[in-house]
Amino acid sequence: MFRPADSSVSASVSVNSASAGCTSTLVDIGLTFGQCLRAREWHNANTWKLKVHVPMYIAFWLGALLGAWIYSMHLHHALFVPCIFIGCCALTTFAYVLYVRFYQRQPEYLGSADYEDIPLIKQANKKT
């Protein structure tokens, strides 16, 4: 796969495979680090790309190692670990949405179907 030397152009290249995605992330890290060294001024370089790509690359490998370790102990039952995690995230999100909708005090106009009751629209109608 051809990778242009300018990493701003390479950011628009999409990759479908997981291994190719990991490889392109590592290439982007290398290109950005090289640009930072060439610029010799870290505040003028694209250091934001390093702040995004390096933690993402580390998290990928930590997840792979954690998954392999859990699989070595529990075989196919290791799939319950991400299922439980995602399930807890979903339940937490659902509980938060219920809390916000039913237990927090909402302004009177949020449930109104009549747009004339909204204060900003009332002000706009008065001016016209």
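1. Helices (H or I, at least four residues) and strands (E, at least two) are taken here as DSSP runs, numbered from the N terminus. Along the sequence the protein reads α-α-α-α-α, with five helices and zero strands.

2. On provenance, this is a predicted model, in which local features need pLDDT of at least 70 and side-chain atom pairs count only at pLDDT 80 or more, while totals for chains, interfaces and linings use all residues. Residues are numbered from 1 along each chain as its sequence is written, and side-chain values use heavy atoms, with hydrogens and water left out.

3. Of the 128 residues in the protein, 15% are buried (buried means under 20% relative accessible area, exposed over 50%, and partly exposed in between, with a 1.4 Å probe and protein chains only). The protein exposes about 10600 Å², and 67% of that area is supplied by carbon and sulfur atoms; the areas come from the Shrake-Rupley method with a 1.4 Å probe, and for residues only the protein chains shown count as cover.

4. A contact requires heavy atoms within 4.5 Å. Of the contacts between residues at least 6 apart in sequence, 41% join residues at least 24 apart.

5. Helix 3 merits separate attention. The expected span of a helix is 1.5 Å times one less than its number of residues; for the 28 residues of helix 3 this should give 40 Å, and the end C-alpha atoms are indeed 40 Å apart. The buried residues of helix 3 are Thr47, Lys49, Leu50, His53 and Ile70. Leucine 75 follows helix 3 and has a positive phi, near 50°.

6. Valine 52 lies in helix 3, which covers residues 47-74. Valine 52 is partly exposed, at a relative accessible area of 44%. Between valine 52 and threonine 25 the C-alpha to C-alpha distance is 9.9 Å, although 27 residues separate them in sequence.

7. Rings of Phe, Tyr and Trp (its six-membered ring) pair if their centres lie within 6.5 Å; planes under 30 degrees apart count as stacked, over 60 as edge-to-face and the rest as tilted. By this rule there are two aromatic pairs. Tyrosine 57 and tryptophan 61 form an edge-to-face pair, at 6.4 Å centre to centre and 70° between the planes. These residues are four apart in helix 3, so about one helical turn separates tyrosine 57 from tryptophan 61. Phenylalanine 60 and tryptophan 61 are also edge-to-face, because their ring centres are 5.3 Å apart and their planes are at 85°.

8. Ring pairs thus join Tyr57, Phe60 and Trp61 into a cluster. Within this cluster, tryptophan 61 is partly exposed at 41% relative accessibility, and phenylalanine 60 is partly exposed at 37%.
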